[in-house]
Amino acid sequence: MPGPQGVPDADIIALLHQGHSNREIGRILHTNPQRASRLRAQLGLPEYQPPAATPIEERWAGRVKTVAGGHMRWTGSLRGGMPHLVWRQRSYSARRIAFQVGHGREPVGRVMPGCGKTWCVAPEHTTDQPMRQADALYARIFGSAA
């Protein structure tokens, strides 16, 4: 039986059984989401539970390609020429994520590849500012013998 907007209840019920939220159903069928909510309650269906988000590390791992020498090339999108990833509607530096994966901590300052390959996003090859400063100090103290 159609509701006040002319959308048959059967159409709403079908989308409820497919796992859509009340809001999605309202948007898809151009009807009031409260109709979907009422039908959900009448049918004894549970409230909508959004799917668990993919962890950012998994999303990052799906956009890298391992190449020779232990390097990784970014296959995702670029922002200002730099590898980046959008996760939960927010933009992240792919190198910062790589650093966290490889070093288990938040980076300090800019993250750069320490291997000399400007395109590399391998976690083990990423360095942050304190790491580069320590390397520079070590090189000043011990020279080329280091």
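Let's start with the hairpin: strand β4, residues 82–87, runs antiparallel to strand β5, residues 90–93, and 4 bridges join the two. Please keep in mind that this is a predicted model. If you want one pair to look at on your screens, take V86, whose bridge partner in β5 is S91.

Now, what happens at the turn? The hairpin has 2 residues between its strands, and R88 there takes a positive phi near 50°. R88 is a residue other than glycine, and its place is in the loop between β4 and β5. Is R88 buried or exposed? R88 is exposed, with a relative accessible area of 58%.

Let's widen the view to the sheet. In general, strands of a sheet pair through backbone hydrogen bonds, either parallel or antiparallel. Here we have an open sheet of 3 strands, in the order β3-β4-β5, with antiparallel pairing. The edges are taken by β3, residues 78–79, and by β5; each has a single partner strand, so one side of each is left without a neighbour in the sheet.

And what lies across this sheet? Helix α5, residues 94–103, lies across β4 and β5, and runs at about 65° to β5.

Let's go over to the helices, beginning with α1, residues 9–17. Which residues of α1 are buried? They include I12, L15 and L16. Looking down the axis of α1, you'll find its buried residues within an arc of 105°, so they line one face of the helix. The general rule behind such a pattern is that an α-helix has 3.6 residues a turn, so residues three or four places apart point the same way. Turn to the other side of α1 and you meet A10 and H17, which are exposed. After α1 comes G19, with a positive phi near 95°.

So much for the faces of α1; what covers the buried one? The cover over the buried residues of α1 includes α2 and α3, and I'd like to take these two helices in turn.

First, α2. Its axis and that of α1 are 10 Å apart, and the two helices pack at an angle of about 135°. They are therefore oblique to each other, and their crossing is right-handed. If you'd like to click through the contact, D11, I12, L15 and L16 from α1 meet N22, I25, I28 and L29 from α2. I12, L15 and L16 are names we've just heard as buried residues of α1.

Next, α3. The axes of α1 and α3 come within 10 Å and cross at roughly 70°, which makes α1 roughly perpendicular to α3. On the α1 side the contact is made by D9, I12, I13, L16 and H17, and on the α3 side by R35, A36, L39, R40 and L43. I12 and L16 are listed in the α2 contact and in the α3 contact as well.

One last stop, and then I'll hand over. Where does H30 lie? H30 is in the loop between α2, residues 22–29, and α3, residues 33–43. H30 is not a glycine, yet its phi is positive, at about 55°. With 68% relative accessibility, H30 counts as exposed. Do have a look at that loop, and at R88 in the loop between β4 and β5, when you open the model. Thanks, everyone!

Conventions
Residues numbered from 1 in each chain as written. Predicted model: local features only at pLDDT ≥ 70, side-chain atom pairs only at ≥ 80, totals over all residues. Heavy atoms only, no water. Pairing = 2+ DSSP bridges. Helix = DSSP H or I, 4+ residues; strand = E, 2+ residues; numbered from the N terminus. Buried < 20%, exposed > 50% of the residue type's maximum accessible area, 1.4 Å probe, protein only. Arc of directions from axis to C-beta. Contact = heavy atoms within 4.5 Å. Axes fitted to C-alpha atoms, helices over the stretch in contact; angles between N-to-C directions. Parallel < 35°, antiparallel > 145°, perpendicular 65-115°, else oblique. Left-handed = near helix turned anticlockwise from the far one by under 90°.
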